[in-house]
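Reader: I'd like a close look at one small part of this model, please. Pick a spot with something odd in its backbone and walk me through it and its surroundings.

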Amino acid sequence: AMLPRRAALAVALCVSLARSARDATAHPAEPPQPTPPPHPPRSASGTNAAPVIGVLAQPIDSSLQPDCPSCSQYTVASYVKWIEAAGARAALLQYNNSAADLTAAFLQLSGLVVPGGHCGFHTTRYGSVSADLLAMAEAAGDFPVWGTCQGFQQLAQYGATGKGMHPSILHRTGNDTDGVALPLNFTAEARTSRMLRDVRAR
């Protein structure tokens with residue numbers, strides 16, 4: 001018997017769906033594969049051309065010492081992840097290395113991160129080494145340096161007074177300064193600085 005055209009189309013559709021279901025059961029779809037991270041850029045010679053950013057290690061915090069009694073310094077992992085997320089590579093700089101080793105390491109860097117913390121940098125080995133690295137960065141010319149929290153304080157102090165750190169430009173403001181907005185007053189030199197010369201006053 002001949003089926004009406006509409007009924008024939010419905011039967012054909014049911015058969016097609018049944019075959020699709022059977023094939024899907026026999027050959028289940030593979031789960032989607034994660035997208036691989038982009039490879040670092042490479043130069044014409046095949047070497048890795050990604051920037052190398054140095055992160056200065058710090059004397060270990062007393063709160064971390066019980067977890068690693070033999071450790072003398074550490075680097076917070078988030079600094080490394082932050083650098084790698086931007087496509088660069090992180091190189092850890094041990095503050096207790098010799099001056100020759102630190103100089104050799106600096107010559108391989110594309111930038112420097114001076115981390116935050118509260119290890120102290122006045123009259124300490126850590127402070128002396130960080131001041132030396134910042135002096136190298138200044139002598140290198142166009143060399144980017146990032147300072148976080150205490151690292152930013154060090155940039156301000158060393159930039160104002162050099163390695164001697166006297167007089168100190170850092171002053172305690174008490175414990176009730178959270179959430180206080182203070183004005184940023186530029187000096188006359190800001191008008192000719194490469195970073196701020198194009199900033200317009202509001």
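**Around C149 and Q150**

Author: Let's start with C149, which counts as exposed because its relative accessibility is 53%, and the cut-off for exposed is over 50%. Keep in mind that this is a predicted model. C149 sits in the loop that links strand 6 (145-147) to helix 5. Its backbone is the odd bit: C149 isn't a glycine, yet its phi is positive, at about 55°. Most residues other than glycine have a negative phi.

Now step along to Q150, which belongs to helix 5. Q150 has a relative accessible area of 6%, so it is buried, given that buried means under 20%. What does Q150 touch, leaving aside residues up to four places away in sequence? Its partners are Q58, P115, G116, G117, H118, C119, G120, F121 and Y126.

Follow the chain past helix 5 (150-161) and you get to the segment that holds V199. V199 joins L184 and F186 in a nonpolar surface patch of about 330 Å².

To put this in context, the protein chain has five helices and six strands, running α-β-β-β-α-β-α-β-α-β-α along the sequence. Of its 202 residues, 22% are buried, and Q150 is one of the buried ones. Among contacts with a separation of 6 or more, 64% are between residues 24 or more positions apart. As for the outside, the protein chain exposes about 15,000 Å², with 59% of that coming from carbon and sulfur atoms.

Definitions and conventions. Residues numbered from 1 in each chain as written. Predicted model: local features only at pLDDT ≥ 70, side-chain atom pairs only at ≥ 80, totals over all residues. Heavy atoms only, no water. Patch = residues over 30% accessible without salt bridge, like charges linked within 9 Å, V, L, I, M, F, W, Y side chains within 5 Å. Areas by Shrake-Rupley, 256 points an atom, 1.4 Å probe, with all protein chains shown as cover. Salt bridge = Lys/Arg side-chain N within 4 Å of Asp/Glu carboxyl O. Helix = DSSP H or I, 4+ residues; strand = E, 2+ residues; numbered from the N terminus. Buried < 20%, exposed > 50% of the residue type's maximum accessible area, 1.4 Å probe, protein only. Contact = heavy atoms within 4.5 Å.
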